[in-house]
Amino acid sequence: MHRTLLPLLLTCALLSCSVSTPPGGGAAFVDDARLRAARAEPGNWLTYGGDYGEQRFSRLDQINEHNVAQLGLAWAFETGTKRGLEATPIVVDGVIYTTGTWSVVYAVDARSGELLWRHDPQVERRYGGLVCCDVVNRGVAVYKGRVYLGVLDGRLQALDAKTGAVVWSVVTVDQERPYSITMAPRIVKGKVIIGNGGAELGVRGYVSAYDAATGELVWRFYTVPGDPAKPYEHKELETAAGTWDPSGAFWKVGGGGTVWNALAFDPELDLLYVGTGNGSPWSWRVRSPGGGDNLYLCSILALRPDTGELVWHYQTTPGDNWDYTSTQDIVLADLTIAGQPRKVLLHAPKNGFFYVIDRITGVPISAEPFVEVSWAKRIDPSTWRPELTPGLDYQNTIVEIKPSPHGGHNWHSMSFNPQTGLVYIPAQEVPYFFRLDPAWRYLPGAWNLGYDFTVADEFPREVVSGHLLAWDPVAQKEVWRAQYTGPWNGGALSTAGNLVFQGTAHGSFVAYRATDGKALWETPVSTGIVAAPVTYTVDGEQYVAVMAGWGGAFALAAGDAAAAAGVTNNEGHLLVYKLGGDATLPVHEAQQRELDALPADADAAQVTLGNRLFHRWCGTCHGTGAVSGGVLPDLRRSQPGIFDILDDIVLEGALLQNGMPRFDDWLDSKDVAAIRSYLLQRRRALTDKAATP
Ligand code: CA
């Protein structure tokens, strides 16, 4: 590896940061010993999943099933954001390190909520159009006096934990491609492990390890092969290449397999577990027309953390055709199965099966559906491959598939409680419709799925639901569920107080009894929660903390199904609760705007064209049917003047600073006129409804 000191020094000169901050204890002095023994200090929350096994179980029991009804707000920290908050706060020795939108980091006093410092990496707002799923960030890592941040634009930064000053900053991606980082880095053996996302637009996935002290790249593992004309970057790609059709679009588009969320580490086995994402483009027919499993898409990889060498892999969805990422969390647990102690890995990926896998060998022990599944009949226990349901390899006809690309479970973390033996999964039932896009061609920087976006122009709330699922991983069966009307609820935390905490899409924070699911406490919050809670102590007193801010893929794209969450005021908060807490949540009144009736376009063909263009180019952020899910403004309700300057906004970037990208590479004024006609027709439907007594 080449040292990259010169660019590093230049970066630092531009940002006026310091090149070295010798760690010598003090703020966030978390070393390898503390990380390995994280379970022994439940007063802190040292790493994303609470410990290297990512169990999200706390041994704290001061707040418990007997007194949780007395829980109240201790304080609320306002992030000043209005988009998705997905971070798991890290808590070290009385300080909370968390993130908001656009990769901004906050260090907050864990007792009082006072802001200690704030770091804004100044992400260019054009990245608003280069991410699939909101301008979110899932949190930081801490190590030896530094805070590590993956930035939306692909940078990885080390910050001084005392001040937030940049110690080093490296670019981990080709910024000419639509890569993005939303995941929390993890620290393993002195290295910062970081991946990236972008497979909806078109990138090649990989995971990298950087030296935590210097920012130097130590190793990189590509999850899919690159240009077939070029040599393999590492030996594992030779095996992978045999499972792809080189005549397909994969390597030009990128192939996908992005590592955008799940990592876990077993120090004893010296294995780093990595979850990989979907194919890019989505359609198997387009990506690899001759078929093949397309390794290492939708897989769990066990890598040596020192070298990145692959020890084993298991692919949950061979020949992915449906965005069935295996980037959902990977939880390490020791279970007794058939009388034998087993070191296992628990995994509930988007495809709807719950996997219990021997984490030494990578061979599954069991795999059963935990939600409604239509794409496969079962996982065949003789091969551990899915037995596909015939007729669902969508081509010219529209095919309904369950689960959807939103997943039977998505990135919202599950929790394993070793005391109850149960896994608590933010589960959901969301169907989806697929058809091949016969006109698909690769458009660099745009969404490149190969399937037809325009098959559905509505996403009704009646077809979706969500629940917190308590699942017995040994028996592979449901023990209890807390049913919600909507999906996209928050991550789970379970505790030794026999409690499970979860925030909900419809704006509440709830504590359930872990053993039987009885709701013991519930409090309203002002917006939908998608993040996972944590718990910690300061001065011997236990607190529970959660980020509240509605957002992410479903909240943006799902139209009426997302609007059902009822979010009208998405002011972001870090909310912290304690027994007897009596603070009140600051309320920001949502502005109710009077809707002026505007004439709709009478040209039906123009409206139809606008509908198609809207769902091809706009719907992934502005909602199916142009119905806002509560994150971005509802375009049907725009001020009348907005429709007059739609060209400036869509083609010239007039609202770029708000995160609204420009589309003049792909659209022209005639296209914008058609989109305007569609939006006005959708607005007319609203005003007509309002005028009807
Ligand atoms: Ca995806």
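This section describes two sheets, a helix, a calcium site and several local backbone features of a predicted model.

Five strands form an open sheet of mixed pairing, arranged in the order 1-33-34-35-36. The edges of this sheet are strand 1 (57-58) and strand 36 (519-524), each of which pairs on one side only. Strand 36 is joined to strand 35 (residues 508-513) by five bridges in the antiparallel sense. Within this pairing, F509 has T523 of strand 36 as its bridge partner.

A further open sheet contains four strands in the order 2-39-38-37, and its pairing is antiparallel. Strand 2 (71-78) and strand 37 (534-538) occupy the edges; each has a single partner strand, so one side of each is left without a neighbour in the sheet. Neighbouring strands of this sheet are turned against each other by 30 degrees on average, direction ignored. Seven bridges connect strand 2 with strand 39 (residues 573-579), again in the antiparallel sense. In strand 39, K578 stands opposite G72.

Helix 12 (residues 669-691) comprises 23 residues, for which a rise of 1.5 Å a residue predicts a span of 33 Å; the C-alpha atoms at its ends are 32 Å apart, which agrees with that expectation. At the N-terminal end, the helix is capped by D668, a side-chain oxygen of which lies 3.1 Å from the backbone nitrogen of K670. The buried residues of helix 12 are D671, V672, A674, I675, S677, Y678, L679, L680, R683, L686 and T687. An α-helix has 3.6 residues a turn, so residues three or four places apart point the same way. The buried residues of helix 12 pack against three helices, namely helix 8 (604-617), helix 10 (640-644) and helix 11 (646-652).

The calcium ion is coordinated by two OE donors of E200, by OD1 of N278 and by an OD donor of D323, at 2.4 to 2.9 Å. Along the chain, the donors follow the spacing E-x77-N-x44-D. Distant parts of the chain are thereby linked: E200 belongs to the loop between strand 12 (191-194) and strand 13 (206-211), whereas D323, 123 residues apart from E200, belongs to the loop between strand 20 (310-315) and strand 21 (330-337). E200 has a relative accessibility of 9% and therefore counts as buried. D323 likewise counts as buried, because its relative accessibility is 5%.

Strand 12 also contains K191. This lysine, K191, has a relative accessible area of 9% and is therefore buried. Beyond its neighbours within four places in sequence, K191 is in contact with R186, A209, Y210, A212, V218, W219, P305 and D306. Of these contacts, W219 is 28 residues from K191 along the chain, and the C-alpha atoms of the two residues are separated by 9.8 Å. The side chain of K191 makes a polar contact of 3.2 Å with the side chain of D306. The K191 side chain also reaches the backbone oxygen of K189, at 3.2 Å.

K189 itself is located in the loop between strand 11 (186-188) and strand 12. Although K189 is not a glycine, its phi is positive, at about 50 degrees. With a relative accessibility of 26%, K189 counts as partly exposed. A positive phi, of about 65 degrees, is also found at S103, which is not a glycine either. S103 lies in the loop between strand 4 (95-99) and strand 5 (105-109). In contrast to K189, which counts as partly exposed, S103 counts as buried, at 0% relative accessibility.

Cis peptide bonds are present at two further loop positions. The bond from L295 to Y296 is cis, with omega near 0 degrees, and Y296 is placed in the loop between helix 5 (284-287) and strand 19 (299-303). The bond from K402 to P403 is also cis, with omega near -5 degrees. P403 is found in the loop between strand 27 (399-401) and strand 28 (415-417).

Key:
Residues are numbered from 1 along each chain as its sequence is written. This is a predicted model: local features need pLDDT of at least 70, side-chain atom pairs count only at pLDDT 80 or more; totals for chains, interfaces and linings use all residues. Side-chain values use heavy atoms; hydrogens and water are left out. Two strands pair if DSSP finds at least two bridges between them. Helices (H or I, at least four residues) and strands (E, at least two) are DSSP runs, numbered from the N terminus. Axes are lines fitted to C-alpha atoms, for helices over the stretch in contact, and angles run from 0 to 180 degrees between N-to-C directions. The expected span of a helix is 1.5 Å times one less than its number of residues. Buried means under 20% relative accessible area, exposed over 50%, partly exposed in between (1.4 Å probe, protein chains only). Contact means heavy atoms within 4.5 Å. A polar contact is a pair of N or O atoms within 3.5 Å; within protein, one must be able to donate a hydrogen and the other to accept it, and residues adjacent in sequence count only if both atoms are side-chain atoms. Donors are N, O and S atoms within 2.8 Å of the metal (3.2 Å for Na, K and Ca); water is not among the atoms, so sites may look incomplete.
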